[in-house]
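Trainee: Got a minute to go through this one with me? I'd like to start with how the chains meet.

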Amino acid sequence: MPEIIVCIKHVYDETDLRIDRVNNRIDFEGAKTKISDDDKNAIEEAVRIKEKHGGSVTVLSLGGAEARKSIKEALAMGCDKGRLLVDPVFDGSDAIRTAYVLSLAVKKIGKFDLVITASGSTDIYSGIVGPSLAEFLKIPLITFVTKISELSSNKITAERTLEEGLVETVECDLPAVVSISREINQPRFPTLLQIMSAGKKEILEWNSQSLGAELSLVGKTGSKIQVEALNVPKSARKRIIFEGSPEDTASKLADALLKEGIEVK
Amino acid sequence: MTSVIFSENPRLVPELVTAAIEKLGAVDVRAVVLASSQETGASKIASVKGVSKIYELKHDASNLVSQEQVAVKGLEIVCNEARPSFVLVAATRRGREVAPRLATRLGYACITDALNPRLEEGRIVAERVVWGGNAIAKISTKDAVVMTIPPKAHEPATGEANPELRPLEVNPGAEVRVVGRSQKPTGKVNIKDADVVISAGRGFKKKEDLSLLDELAQLLNGVIGASRPLTSDLGWMPEERQVGLSGVTVKPKLYIAVGISGQIQHLTGMRDSKLVVAINTDKNAPIFQECDYGVVGDLYCVIPALIRALRSKKV
Ligand SMILES: Cc1cc2nc3c(=O)[nH]c(=O)nc-3n(C[C@H](O)[C@H](O)[C@H](O)COP(=O)(O)OP(=O)(O)OC[C@H]3O[C@@H](n4cnc5c(N)ncnc54)[C@H](O)[C@@H]3O)c2cc1C
């Protein structure tokens, strides 16, 4: 029966940030937080596998104490155990350093068949953690998975969707890392009962010491990229807006398009 | 500075050459291609001015080998020899797997979807769209770095060249085995390359109503795209027609957003269009802040009226 690990990220809700275009500032203060959207698909897939094949699902998250909220939500969706990787020395870890810490947690769990990640997170969307994690663990990786077709005790077969509708069916031995695409499923909404009983499930906290993390390889010290600035994108559009009857506005728009040199067949 | 560039699609290599030389000041550019990619003559396509060497990753002739595995292994060998300051990989899905794996293996930094890569005071700097398009992060590194570069962000380099060809036998092992490839029918529509893209949003009430746009598309010689609710949520249109952060980025001469509110994730995919037009009932829709011309009105009336107007006014 498969032992599955899902990696999730607790993020600010990007639709709830206050964007100050005039002063080029982004205000995170008081913004809502959530499980990164695509991680819900990763959780959903893990739980579906459990429902079909048995086994159990452990959810891993590197983050601050607030990330507990997202782990609880994952437990409500059907995961069995939570592991929060929390330590001030992890602050400022770039994606590769995050993958390193996650790899230590996976090794600490020890017995597992599948690690499921999303293809990217809704905040930064760098798409690095899944592939990098597979490298640290030195196990096979299947990316952009849109369907898990078969899972046996020692092998997984999956479909991955690449550009222009190219679908590749691949297989590999377990354990493996699989990064999923959003289209793979529709995540469930936990019921009130599930939310309440999730409170009884176990969440352990692991820090750098319990993970045996090399301090020079985590946090800002270990990270090789720096974020120097966050800027609000600028727009330089004309913003000529027509209001009135459909005939009138459409006629003005048609004139404008022709004036701009748009060709009409 | 030495740089190594890679794409499994050799047609993207010339764009990477431009980024490497003109943006990042590389003097020695070595291209890596897959020798048995379906396109024969990958090396020939990649032989543009500025490329000094081409490594042809030769692998098991069967087409069903994992291209990513061959690429990572081959690039690892090449990088250990060339010791590049940076590696550029085209940001296709395969490239998005290859880059972070290679960076992790080599202990390099990794920057994905790097926009406007450049040198500033000895650091490599790039921009990335983050927070669902709400912000642009300026990222830098002092270390050797693997970057993915979005297709079409740089003019392809041209000009004849005679780079040294180096075949490289790669045996990556068979961790991941490809058991089949198939092509989902995508139709002939390619919104990425179209000069005119007309996108439909949640302002449409039923799937059948999308046909309203057909005639407009015909008149303007355009293709029809969509916002995310119409693709992944409602399934009214295939995924490859989705414009935006998690879809396709388009840069047409004319982009018309019909019944689209203009959420930041959508804007991210069409922001670089030359001319943007919006049609929306809601005067306060954010799309009106991001358009050149806007019509406040019901698409069900405005679209037919626009078709009539264009018909009668065309020269
Ligand atoms: C991580 C992430 C990635 C995302 N990626 C994408 C992406 O790639 N692409 C994308 O598009 N979205 C993406 N989204 C979703 C995005 O946030 C919005 O939800 C989506 O763009 C909204 O689509 P819409 O404008 O069609 O719908 P809505 O926001 O519902 O807007 C519909 C608009 O239609 C107008 N309308 C209604 N009736 C009419 C009428 N009769 N005539 C004219 N106008 C009318 C309304 O006034 C409204 O402005 C993403 C979201 C997240 C969180």
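Mentor: Sure. Contact here means heavy atoms within 4.5 Å. Keep in mind that this is a predicted model.

Trainee: OK, how many residues of chain B are in contact with chain A?

Mentor: On the chain B side, 87 residues; they touch 77 residues of chain A.

Trainee: And how much area do chain B and chain A bury between them?

Mentor: About 7,500 Å². Carbon and sulfur atoms carry 55% of that.

Trainee: Which three residues supply more of chain B's buried area than any other three?

Mentor: R93(B), W131(B) and Y293(B). Together they supply 12% of the area that chain B buries against chain A.

Trainee: Switching to charges. How many salt bridges does the rule find across the interface of chain B and chain A?

Mentor: It finds 13. Take R123(B) and E228(A): they form a salt bridge, with the closest N and O atoms 2.7 Å apart. For polar contacts across the interface of chain B and chain A, the rule gives 48 residue pairs, both partners at pLDDT 80 or more.

Trainee: Which helix gives the most to the side of chain B that touches chain A?

Mentor: Helix α4 of chain B, residues 93-106, with nine residues. By class, that side of chain B has 37 nonpolar, 20 polar and 30 charged residues.

Trainee: Do strands get involved too? What pairs with strand β15 of chain A?

Mentor: Strand β16 of chain B, residues 293-296. Strand β15 of chain A covers residues 240-243, and the two pair in the parallel sense over four bridges. In that pairing, I240(A) stands opposite Y293(B). Y293(B) is also one of the three residues I named for buried area.

Trainee: What about the sheet of ten strands, what's its order?

Mentor: It's an open sheet: β13(A)-β7(A)-β6(A)-β1(A)-β8(A)-β12(A)-β9(A)-β10(A)-β11(A)-β11(B). The pairing is mixed. At the edges are β13 of chain A (202-206) and β11 of chain B (176-183), each pairing on one side only. Neighbouring strands of this sheet are turned by 30° against each other on average, direction ignored.

Trainee: Give me one pair inside it. How do β1 and β6 of chain A run?

Mentor: Parallel, joined by five bridges. β1 of chain A spans residues 3-7, and β6 of chain A spans 56-62. I4(A) has V57(A) as its bridge partner in β6(A). On this sheet packs α4(B), touching β9, β10 and β11 of chain A together with β11 of chain B. Its direction makes about 110° with that of β9(A).

Trainee: And the sheet of seven strands in chain B, what's the order there?

Mentor: β5-β9-β4-β1-β2-β3-β10, open, with parallel pairing. β5 (109-111) and β10 (164-169) of chain B each have a single partner strand, so one side of each is left without a neighbour in the sheet. Neighbouring strands here are turned by 20° against each other on average, direction ignored.

Trainee: How many bridges hold the β3 and β10 pair of chain B?

Mentor: Six, in the parallel sense. β3 of chain B covers residues 51-58. I54(B) stands opposite L165(B) in β10(B). α4(B) packs on this sheet as well, touching β1, β4, β5 and β9 of chain B. With β9(B), its direction makes about 170°.

Trainee: Back to salt bridges. What's the count over all chains?

Mentor: By this rule, 49. One example is K40(A) with E73(A), at 3.3 Å from N to O. That pair links distant parts of the chain, 33 residues apart: K40(A) is in helix α1 of chain A and E73(A) in helix α2 of chain A.

Trainee: Last topic, backbone oddities. Which residues does a cis peptide bond join?

Mentor: L174(A) and P175(A), with omega about 0°. P175(A) lies in the loop between β11 and β12 of chain A.

Trainee: And where is F144(A) found?

Mentor: In strand β9 of chain A. Check its phi: near 55°, a positive value in a residue other than glycine.

Technical notes:
Residues numbered from 1 in each chain as written. Chains lettered and ligands numbered in written order. Predicted model: local features only at pLDDT ≥ 70, side-chain atom pairs only at ≥ 80, totals over all residues. Heavy atoms only, no water. Buried area = accessible area lost by both parts, 1.4 Å probe. Salt bridge = Lys/Arg side-chain N within 4 Å of Asp/Glu carboxyl O. Polar contact = N/O pair within 3.5 Å; in protein donor to acceptor, adjacent residues only side chain to side chain. Nonpolar A, V, L, I, M, F, W, Y, C, P; charged D, E, K, R; others polar. Pairing = 2+ DSSP bridges. Axes fitted to C-alpha atoms, helices over the stretch in contact; angles between N-to-C directions.
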